[in-house]
Structures are given as C-alpha cells and as structure tokens.
Amino acid sequence: MKFGKPSRKINTFYPPQRTLMGPGPSEIHPRVFSAMGRPTIGYLDPVFVEMMDQLKELLRYAFQTKNSMTFPVSGPGSAGMEMCFVNMVKPGDKVIVCKNGVFGGRMLENIERCGGIPIVVEDQWGAPVDTDKVEKAFKQNQNVKVLAFVHAETSTGVASDAKTLAKIADQYSAYTIMDAVTSLAGIPVLVDEWGIDACYSGSQKCLSCTPGLSPITFSDKLMEDLKKDKQRKSQSWFLDLDLLSGYWGDNTRTYHHTAPTNSLYSLHEALLMLQEEGLENSWFRHRRNHQALKAGLEELGLKFLVEESFRLPQMNAVTVMPNIDEKEVRKRLLEEYNIEIGAGLGSLSGKIWRFGIMGYSCKMENVMLALCALETVFSDMGADTEVGLAEAAAYKAYASHPANRKIEAVA
Ligand SMILES: *Cc1c(COP(=O)(O)O)cnc(C)c1O
C-alpha cells in the first residue's frame, strides 16, 4: 500500500523548554497554558458566550477603549492586519502608509492587493516615522481616506509617535489603521485618547498568550460609516466585518466560523493576568527590565540600532560587532543555553541581533541569563570579554530602578 505505516516511528512531540527572547512568541505563564487544556464546549454554549463578553471587556481594558467592536480575530496578527485593510480600503481609495521596517512594508502589500492607491512615506530602518513627512503627504494629496502605520516596528525596535500621527490624520479627516502587535501591554496604547479608528494586535507578544489570535478594535464612528456605505462588500468572506459582527457584536451570536475555543480560553486568562497586574505596572516592568538589559548589553560593547528616545523597551536591536560570526552566536545561545533571540530581517539581516523581552519573558532571570550566556559565548569565540561584568551592570540598573518606583514610560 502506498500510504501505509510511516517508515520511522513517530513519538509524541515534546518541544524543549526554551527561554524565548526573540521577536515573539514570548514565554507563556502556566496559568495560561492550563486554561487552554480546559474542556472544549460549543461556540454558542451560553457559558461560552458569557466568556466571550468578558473577553471583549478585558480587551477594551488592554486597548484603553470603549469601542463596542473589540474582539479577537481567529488568526495571527497578520489576519488582524488584513482585516483592517479588506474592510476599509476599496479600489481607488488613497492610503498614506508609513514604511520604516518590515511590517510597514506588509501594510503596503495589503493596500495594493485591495486595489487602493498607496502614498508611501518612507523612513530609514531604525528611525521612527517622520510626522512632518506624513503631514506633507496629506498636504500634497487630496481626499486621503486612511493613514496606516506601525506603532512598534518589531523588525528594528523603534516606537513611532502614534498620538501625533493620529492627530494629523484627524485634521485631514482620514481614518487611522494602527499596528499595535508588539506595543500592546508593553508600552502605552491609548486607542480612545489618541483617536485611533482601527487597531490590531497579536496574542503572542506582550500579551504572552498562545499564538494564533489577533485582538482588534474598531471605533464606533468607523463602524457606523461602514454600515452606511451600502456599496461596500469586503473582498474577504472570512474577514468581513459585517459578518463577524453577527458573531462578536453586542446582541447577536450567529454562527460564522467555529471559534478557536481553547485558544480563546488562554487569551481570557492572559488578559485576566494583565488586568491583575495593571497596564501601567506592565509598562513599567518592561521599562525596568529594558534598563537592566541595556546596561548589560552596553557593558558588552554592543550598540543600539535605535536612538534612545525612540527605543522600544520590549524589543532591543543591537548591531553585531565586526569579526564575530552572527549566526554562530545565535546557534550557540540556542544549543548551549536554550535561549532564542532574533536575527535581523531584510536589509538588516546579519547586521543586528534582536533581544525581545515581551510579557512573561520580561523578567530579571531572563535578562541575567541572556547576559551571562552572551558573555561566555563571546568569550569562547575569542572576544575580549570579561565574564561577570554585564550582569554586574544589569544588577546596578535594577538597584537604581527599584520595582516599586515608577519611571517615565515611553508614550
Ligand atoms: C509579529 C508582528 C506582526 C505579525 O503577527 P503574526 O502573528 O506573526 O501574524 C505584525 N506586525 C508587527 C509589528 C509584528 O511584530
């Protein structure tokens, strides 16, 4: 028989326990894992429906919004991105898109596939979006429908000024689409205060939940406008906001697709943990661990790609020093210390390392372990590194930023 027994014996898959310090997924708290193993029930079971309502409420807290249409899309962050574009951009619509890294580039591809007319505002990788250029693009182009930008560009570790960008869009009566995949819960994301119309995130970054869900929120005003637009029918059936409102809306629970029940349990638990910790405390924790990691990395002679005031605490990109095998370092960190860190993408491939400290990965033990591992690996590979100095520098930073004292979070 052609499709008989496999030629090798396949056993249960047990992945190794890794320290995850890359661009996501981040580590997951045992509470979140255990929630995922609870009984699967029907997606219209009244008990499940009650959980959905709580999930929406918890997400509104995370996004700092009152938006009614705030829910998790069944799919990774990329699905949330696509959902915004397929519902808001029709053929011929003008969209200003800010491109300063990989994910801005993906937004551009979405616009093109929707038949929109992209107006690209380009900035260097590692620099934030230049708000003056965006303003200029609005002045030079009439009737721009949407401004799309990435709040936290994971490929470079840079934060852009979302508040100012949203204000500019508002002055020109354009909607905003904001990528908050890496920013949500790591730095302030204030959807209502900033006046963001559509914002999506991902479950596996600073929310520290299992991958595969995309929290999303649409302003009430945008929802009304979309309803009025009778001509609109999204090119995507699966991501059609109208159809999904039937399942995730306020008063209706009509079958659209089978909700990923167990993944939603884990998101519920992860968001509950965020609420228990408090958003501000979560921002502060990311900042504090960043200060220590930064002190250690700098002690090792590594330079940050991004200028200090625009750095994301949760994503630290440093340039690879000359005369060292970039890939070998990552390989040894993984093999000898079980640590995953990120490599450079696109034009930064081979040029940077990216240290993510997101969500549950953002803790002192990870920072210290990573610094110790780097020192020994560098030393072994012949670099002039004295083992112990980076941890000492990190420890000093921790001591000067006590856990109970707030420091300014990047807005
Ligand atoms: C990770 C990431 C995405 C994509 O999320 P997936 O869950 O991998 O689809 C989009 N935007 C940014 C800024 C990201 O960091």
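**Exercise 1.** In this predicted model, how many Å separate an oxygen atom of the ligand from an N or O atom in the side chain of T182? Place this distance among the other polar approaches to the ligand and state how much of the ligand the protein covers.

*Solution.* Begin with T182, where an N or O atom of the side chain lies 3.1 Å from an oxygen atom of the ligand. Turn next to T154, whose side chain brings an N or O atom to 2.3 Å from a ligand oxygen, and then to G77, which uses a backbone N or O atom, 2.9 Å from an oxygen atom of the ligand. Of the 380 Å² of accessible area that the ligand has on its own, the protein covers 88%.

**Exercise 2.** Which residues surround the ligand, and how do they divide by character?

*Solution.* List the shell: P76, G77, S78, F103, V150, A152, T154, D179, V181, T182, Q204 and K205. Sorting these residues gives five nonpolar, five polar and two charged.

**Exercise 3.** Into which domains is the protein divided, and what characterises the interface of domain 1 and domain 2?

*Solution.* First take the bounds, which are 30-275 for domain 1 and 278-400 for domain 2; their centres, taken over C-alpha atoms, are 29 Å apart. To the contact, domain 1 contributes 29 residues and domain 2 contributes 24 residues. Next consider area, since the size of an interface is often expressed as the accessible area lost when the parts come together. Here the two domains bury about 2,000 Å² between them, with 67% of it on carbon and sulfur atoms. Finally, examine the pairings: the rule finds zero salt bridges across this interface, whereas ten residue pairs are in polar contact, both residues at pLDDT 80 or more.

Conventions. Residues numbered from 1 in each chain as written. Predicted model: local features only at pLDDT ≥ 70, side-chain atom pairs only at ≥ 80, totals over all residues. Heavy atoms only, no water. Near = heavy atom within 4 Å. Polar contact = N/O pair within 3.5 Å; in protein donor to acceptor, adjacent residues only side chain to side chain. Areas by Shrake-Rupley, 256 points an atom, 1.4 Å probe, with all protein chains shown as cover. Nonpolar A, V, L, I, M, F, W, Y, C, P; charged D, E, K, R; others polar. Domains from an automatic or database assignment. Contact = heavy atoms within 4.5 Å. Buried area = accessible area lost by both parts, 1.4 Å probe. Salt bridge = Lys/Arg side-chain N within 4 Å of Asp/Glu carboxyl O.
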